[in-house]
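Reader: I am new to this structure and should be grateful for a close look at one part of it. Could you please take me through its salt bridges, and then turn briefly to its pocket?

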Amino acid sequence: MNSGKSQILIAGVGGQGVLFATKLVLETAKRMGNPVIGSETHGMSQRGGSVVSTVKIGEFRNPLVARGGADLLIALQKDESYRNLPFVRRGGGCVVNAADSGFLDPAVRSAIGNLGISFLALDADGAAREIGAPLSSNLVCLGFSLAKRLLPFESSDWRSCIEEISPGKFRPSNLAAFDKGFSMASAPCPG
């Protein structure tokens, strides 16, 4: 993905860190000197309801992403990938937190393939638990997306921003989760 202009949608449920991931994308883009705007929608987020946020990097006037306009969907929960897939553009990418992509209905898999959407599943929850940071699957997904070249900027830019905006006690685990996701991208992806 080029760092000039991109539209990113992050979706999950309350408690998964959608808003922190969004803040990290916004801050990293700003620190790299890019115009950036974002928006968030959350319903019953405190009760595990849907939380969706958008980030647009580049010259945009409206923070919302139109159907078929997102370059990247990061779904922190597999049901949220279903709900938000219509927002991914032809040839875009979708990274979903799921142990494998076997949950996809064959008709949906076919439609994704016909649109040239890169659909990548990773067990971010399992990876976060493995490193002792079970609440950091959002950062696992961000690191993975960056390594797959679905997010702009360099790893060092993201790590610097994580160090600066993470609360002190979570800084080491947030960095470890991001690095874990980044390293997982070199392994074969189920999906």
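Author: The account below takes the salt bridges one after another and then turns to the largest pocket.

The model is a predicted one. Side chains of opposite charge can pair when their charged atoms come close. In this structure, a search of the whole model finds seven salt bridges.

One of them joins Arg89 to Asp71, with the closest N and O atoms 2.6 Å apart. Arg89 belongs to strand E5 (residues 88-97) and Asp71 to strand E4 (residues 70-75), so this pair ties together parts that are 18 residues apart in sequence. The two partners fall into separate classes of accessibility: Arg89 counts as partly exposed, at 30% relative accessibility, whereas Asp71 is buried, with a relative accessible area of 15%. Asp71 is classed in this way because buried means under 20% relative accessible area.

Another salt bridge is formed by the side chains of Arg83 and Glu80, at 2.5 Å from N to O. Both residues lie within helix H2 (residues 78-84), where they are three residues apart, about one turn of the helix. Glu80 has a relative accessibility of 1% and therefore counts as buried.

A further salt bridge brings together the side chains of Lys180 and Glu130, with 2.7 Å from N to O. This pair links distant parts of the chain, since Lys180 is in helix H7 (residues 171-184) and Glu130 is in helix H4 (residues 124-130), 50 residues apart. Glu130 is exposed, having a relative accessible area of 58%; the class follows because exposed means over 50%.

There is also a group of residues to consider together. Glu27, Lys30, Arg31 and Glu164 are joined into one network by salt bridges that share partners.

Helix H7, which holds Lys180 of the pair with Glu130, leads on to the pocket. The largest pocket has a volume of about 250 Å³. It is lined by 15 residues, and those closest to its centre are Leu135, Ser136, Asn138, Phe170 and Asn174. Helix H5 (137-147) and helix H7 each supply at least two residues of this lining. In character, the lining of the largest pocket divides into seven nonpolar residues, eight polar residues and no charged ones. Helix H7 thus appears twice in this account: it contains Lys180, a partner in a salt bridge with Glu130, and it contributes to the lining of the largest pocket.

Key. Residues numbered from 1 in each chain as written. Predicted model: local features only at pLDDT ≥ 70, side-chain atom pairs only at ≥ 80, totals over all residues. Heavy atoms only, no water. Salt bridge = Lys/Arg side-chain N within 4 Å of Asp/Glu carboxyl O. Helix = DSSP H or I, 4+ residues; strand = E, 2+ residues; numbered from the N terminus. Buried < 20%, exposed > 50% of the residue type's maximum accessible area, 1.4 Å probe, protein only. 1 Å grid on protein atoms, 1.4 Å probe; cavity = no way out; pocket = protein on both sides within 12 Å on 5 of 7 lines; lining within 4 Å. Points joined across faces, edges and corners; volume = space filled by probe spheres on them. Nonpolar A, V, L, I, M, F, W, Y, C, P; charged D, E, K, R; others polar.
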